[in-house]
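User: Please take a close look at a single part of this structure, one helix and its surroundings. I would like a connected account that begins with the chain as a whole.

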Amino acid sequence: MADTRLMTPSTSRSLPRILQPVSTPVRRGLLLFVIGAGFVVSPEPVWSMLFYLLIIPIQFRALAGAVRDGTFRRDMTPALAAAIIIILWFVLALAWDHSAAGHPGVQGLWVWNAFCTLLFVRGCHEAFTRSEVWRDRLITVVIACGTLNAWIAIIRLPFLGDAWDQDSLRMPGWAETRHPILGAVIIGVPVLLAASRLLQRRSVKANAFALASCLGFILLTGSRGPILAIGGALTLFLGMVRPRLLAIVVATALVILCIVELLAPSVLATVWHAFT
């Protein structure tokens, strides 16, 4: 059910204008815009400016309003509480970080980063856990923008000489996925979301295209850890939702492996060497 709570007029008037919350649909829409832009907008400082100018002030005002009218504690959930504890733990870790000791500027930067992370996490929790419609829109944005990101990176690949000069192909991503390893992990999110929708038989062609595109991106990065992690996650996910289908896939994969081993054993040896 959508969040329809509004601050009372007296509460709203008691806050300074700069701290009065923006309407919930506007906050949700801006979050969707900035999350989607992270897959597309480059260079990274441009997207950072969007984040700091559009998300932080509005979410700060929302947090101030929630604390003022008492809804912050009332709406606390175990997931949000766990996220806050983890963020606070990272802040406390500065106390025994020798590299940051004696550098108040560095410590202040990390405290600021933690505060911005708290605002973002709390904003996403408030925006997308109470409304199935907006949560579905978030999934759509992540899948669509993740697929677009994958294709931008793939189209750029033939023109990147550095990617071909290494011993093995390591395709860099685009925008926030530019690092091969972190990019593969990020694109793993739309992979799982597209797989979920495929199993629900929703927009089969579009989600199949998105799934194939994002898996292709991950393989081209050559990042072994994300490949194994996302492959394992897909296996577990398929086992929970469609155990019979998983059994068919595993049996088919074993048959293919046996055929390859009999006809071209060097292929499996090469693949095994690449992951060890």
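**A helix and its surroundings**

Analyst: The chain exposes about 16500 Å², and carbon and sulfur atoms supply 72% of that area. The model is a predicted one. Its secondary structure comes to 13 helices and zero strands. Of the 276 residues in the chain, 33% count as buried. Among contacts between residues at least 6 apart in sequence, 70% join residues at least 24 apart.

The part chosen for the close look is helix H7, residues 132–156. H7 has 25 residues, and the distance from its first C-alpha to its last is 36 Å, close to the 36 Å expected at 1.5 Å a residue.

The buried residues of H7 are Trp134, Leu138, Val141, Val142, Ile143, Cys145, Gly146, Thr147, Asn149, Ala150 and Ala153. In an α-helix there are 3.6 residues a turn, so residues three or four places apart point the same way. The partners against which the buried residues of H7 pack are four helices: H2 (24–37), H6 (104–128), H9 (180–199) and H10 (204–221).

Thr147 gives a view of this packing at the level of one residue. Thr147 belongs to H7 and has a relative accessible area of 9%; because this value is under the 20% cut-off, the residue counts as buried. A polar atom of the Thr147 side chain lies 2.8 Å from the backbone oxygen of Ile143, and Ile143 is itself among the buried residues of H7. Apart from its neighbours within four places in sequence, Thr147 is in contact with Phe209, Ala210, Ser213 and Cys214. H10, which spans 204–221, is one of the helices that the buried residues of H7 pack against.

Two sites elsewhere in the chain may be set beside this buried position. Arg224 is found in helix H11, residues 224–241. With a relative accessible area of 40%, Arg224 is partly exposed, because that value falls between the 20% and 50% cut-offs. Arg224 and Ala184 are 40 residues apart in sequence, while their C-alpha atoms are 9.6 Å apart in space. The second site is on the surface, where Ile86, Trp89, Phe90, Leu92 and Trp96 form a nonpolar patch with about 620 Å² of accessible area together. One of these residues, Trp96, is found in the loop between helix H5 (78–92) and H6. H6 is also among the helices against which the buried residues of H7 pack.

Terms used
Residues are numbered from 1 along each chain as its sequence is written. This is a predicted model: local features need pLDDT of at least 70, side-chain atom pairs count only at pLDDT 80 or more; totals for chains, interfaces and linings use all residues. Side-chain values use heavy atoms; hydrogens and water are left out. Helices (H or I, at least four residues) and strands (E, at least two) are DSSP runs, numbered from the N terminus. Buried means under 20% relative accessible area, exposed over 50%, partly exposed in between (1.4 Å probe, protein chains only). A polar contact is a pair of N or O atoms within 3.5 Å; within protein, one must be able to donate a hydrogen and the other to accept it, and residues adjacent in sequence count only if both atoms are side-chain atoms. Contact means heavy atoms within 4.5 Å. The expected span of a helix is 1.5 Å times one less than its number of residues. Patches are made of residues with over 30% relative accessible area and no salt bridge: like charges are joined within 9 Å, nonpolar side chains (Val, Leu, Ile, Met, Phe, Trp, Tyr) within 5 Å. Accessible areas come from the Shrake-Rupley method with a 1.4 Å probe; for residues, only the protein chains shown count as cover. A salt bridge is a side-chain nitrogen of Lys or Arg within 4 Å of a carboxyl oxygen of Asp or Glu.
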